[in-house]
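Please look through the structure shown here, and then read the short report that goes with it.

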Amino acid sequence: MSAQIPLVDYLALGDRPHLVAHECTACGARFFDRRNACASCSATEFRDADVATDGELRAYTIVSFAAPGIPVPFVAGVVDCAGTSVRSNIINVDPTPEAVRLGMPVRLATYSLGIDDDGVEAIGFGFEPA
Amino acid sequence: MSDAVWILGITMTKFGKHADKDVIDLAAEAALGALADGGVSMTDIGVLAAGNLMGGGAPTGQLIQKQIGQTGIPVFNVSNACATGATALRTTIMAIKAGECDMGLAVGVEKLAGAGLLAGGSAKTDGNHWTPRGRYGSVAGVDGRIGTDTMPGTFAQIGMEYGHRYGGASFELFARISEKNHAHSTLNPLAAYTKAMSLEQIMGDVMIAYPNTRPMCSANCDGAAAAVVVSDAKLKTLSAEQRRRAVKVAASVLTSDPWEEACQILPNVNTLTRNAARQAYEQAGVGPEDLDLVELHDCFATAELVHYDNLMLCPEGGAVDFFNSGAPWRDGSTPVNVSGGLQSKGHPIAATGIANIWEICHHLRGEAGPRQIEGARVGLAHVIGLGSACGVHILERSAA
């Protein structure tokens with residue numbers, strides 16, 4: 001198996017790919033990027049917290065015009081993963097309003113972004129219908 | 001009220017394409033227009049606040065002064081996303097309330113005609129080596145790979161989320177909101193677009209980010225707006241005609257978004273708008289039922305729906321019913337965006353937060369011509385800039 005690198009540092013690869021949030025130890029607020037202090041309570045200590053890989057689609061759009069290099073149309077959405085909101089594309093689904101349903105159960109899935117000149121494969125994530 | 005602040009003069013340029021004018025030409029035209037409308041001159045002004053979001057940090061206020069009068073007064077160049085114009089106005093109001101001066105000028109200007117899709121961020125170029133960069137250690141651009149940063153897509157989700165929570169929203173409902181605003185602008189000669197569009201035309205137009213088609217998105221265009229604000233004490237020294245046309249700023253509020261779960265995943269434009277509305281109604285001593293007209297930030301059709309609720313024009317969760325009742329049409333119980341709104345009047349970003357005040361003032365002064373809302377006494381103007389900033393102003397007709 002060639003070496004792999006995640007699209008973002010909060011995607012943990014391995015046998016059971018999942019997202020990892022920075023969780024405020026004082027109030028439990030979760031963030032996917034680093035914080036100097038918590039936006040909710042201003043405390044300064046965080047721990048890593050695994051985010052549920054199953055969720056429910058709470059909002060979506062089907063994007064037809066996007067930045068150069070992004071294939072369209074694609075589905076962008078917000079997934080409620082057991083109380084933690086996650087921003088993601090919705091993948092492995094027809095990008096049509098008939099196929100995508102608000103409230104539908106979804107689960108984390110990964111896909112290859114390609115292999116670079118060093119043979120390293122980048123892995124992205126999305127949520128797919130469960 | 002002795003510490004009241006008043007709009008003495010206000011104007012907006014025609015919104016649309018101004019190929020022969022640059023940003024400063026447009027800003028100067030609006031500024032001179034506002035001064036003339038108020039019957040004052042640059043030498044009366046004690047503070048200037050100016051905004052031009054796409055100006056790249058240029059000293060817009062000073063450049064305006066060089067066109068209309070360099071009097072040495074303090075200039076505040078402000079930037080607050082789509083709330084930039086309201087922020088400039090709020091800055092001058094604060095200066096007057098603080099007693100620093102008795103008259104101020106606020107200007108917002110933008111040249112956007114022909115600008116394409118406005119994204120929150122742009123994709124990075126994918127090189128030949130996966131190298132983690134930035135706050136997320138990303139090896140490729142995340143916009144489009146992890147959700148969307150585009151404005152149409154972001155606000156589409158905001159409307160869809162509301163529809164999911166309360167039910168009743170559909171592609172057709174959102175398109176009907178747009179149909180209303182495109183119908184309203186036919187009476188507004190300063191709007192960028194003044195052509196009615198049928199529901200079929202709107203739904204059949206180019207899809208940008210479902211459920212927003214192109215006419216359901218705010219229209220990129222050029223334009224400027226400016227306002228002269230004056231203290232109550234100073235207004236008392238001015239002519240009867242100036243006092244009669246002055247419009248009272250019954251409330252001036254600016255909020256940012258308090259932390260909530262998910263607000264950093266999808267911008268929450270709801271809570272800060274509710275907070276601003278609540279403060280504004282309290283300051284003004286009026287309620288939503290007292291409003292004769294509302295100009296709200298319909299940057300997309302999907303956004304207008306949620307703001308009916310956020311501004312408490314309807315019971316919580318009742319925005320779909322509110323729209324279906326006909327209430328926000330110009331002949332309804334709470335006319336919303338009789339100017340045509342951002343979808344049809346246009347959205348030259350930094351001008352918007354003053355142009356919407358102009359629209360309200362125009363009606364309160366009884367000067368709105370064919371689109372006049374008869375007997376208008378109280379109106380509300382709302383803008384929101386992602387990030388987020390929300391400006392709400394409540395305006396009242398002069399009793400003089």
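The report turns to a sheet in one chain, then to the helices beside it, and then to the contact between two chains.

## The sheet of chain B

In this predicted model, chain B holds an open sheet of 9 strands with mixed pairing, in which the strands follow the order β3-β2-β4-β7-β1-β8-β11-β10-β9. The strands β3 (75-78) and β9 (293-295) of chain B stand at the edges with a single partner strand each, so one side of each has no neighbour in the sheet. Neighbouring strands of this sheet are turned against each other by 25° on average, when direction is ignored.

One pairing within the sheet can be followed down to its residues. Strand β8 (residues 247-256) of chain B pairs with strand β11 (residues 389-397) of chain B in the antiparallel sense, over 9 bridges, and B:Val253 stands opposite B:Val392 of β11(B).

## Helices on the sheet

Helix α2 (residues 60-68) of chain B packs on the sheet and touches β2 (47-51), β3 and β4 (103-110) of chain B, while its direction makes about 130° with that of β3(B). Helix α3 (residues 84-97) of chain B lies across several strands, including β1 (5-12), β7 (223-231) and β10 (378-385) of chain B, and α3(B) runs at about 170° to β4(B).

## Where chain A meets chain B

The contact takes 54 residues from chain A and 39 residues from chain B. The area buried between chain A and chain B is about 4,000 Å², and carbon and sulfur atoms give 58% of that area. On the side of chain A, the residues that lose the most area to chain B are A:Leu7, A:Phe65 and A:Arg87, which together make up 18% of what that side buries.

Across this interface there are 3 salt bridges, and A:Arg58 forms a salt bridge with B:Glu161, in which the closest N and O atoms are 2.9 Å apart. Between chain A and chain B, 22 residue pairs are in polar contact, counting pairs with both residues at pLDDT 80 or more.

## What chain A brings to the contact

Several strands of chain A give two or more residues to the side that touches chain B, among them β1 (4-6), β6 (54-63) and β10 (121-129) of chain A. The largest share, 8 residues, comes from β6(A), and the residues of this side divide into 31 nonpolar, 12 polar and 11 charged.

The strand β6(A) also pairs with strand β5 (residues 207-210) of chain B, in the antiparallel sense and over 2 bridges. In β5(B), B:Tyr210 is the bridge partner of A:Ile62.

Key:
Residues are numbered from 1 along each chain as its sequence is written. Chains are lettered from A and ligands numbered from 1 in the order in which they are written. This is a predicted model: local features need pLDDT of at least 70, side-chain atom pairs count only at pLDDT 80 or more; totals for chains, interfaces and linings use all residues. Side-chain values use heavy atoms; hydrogens and water are left out. Two strands pair if DSSP finds at least two bridges between them. Helices (H or I, at least four residues) and strands (E, at least two) are DSSP runs, numbered from the N terminus. Axes are lines fitted to C-alpha atoms, for helices over the stretch in contact, and angles run from 0 to 180 degrees between N-to-C directions. Contact means heavy atoms within 4.5 Å. Buried area is the accessible area (1.4 Å probe) that two parts lose on being put together, summed over both. A salt bridge is a side-chain nitrogen of Lys or Arg within 4 Å of a carboxyl oxygen of Asp or Glu. A polar contact is a pair of N or O atoms within 3.5 Å; within protein, one must be able to donate a hydrogen and the other to accept it, and residues adjacent in sequence count only if both atoms are side-chain atoms. Ala, Val, Leu, Ile, Met, Phe, Trp, Tyr, Cys and Pro count as nonpolar, Asp, Glu, Lys and Arg as charged, and the others, Gly among them, as polar.
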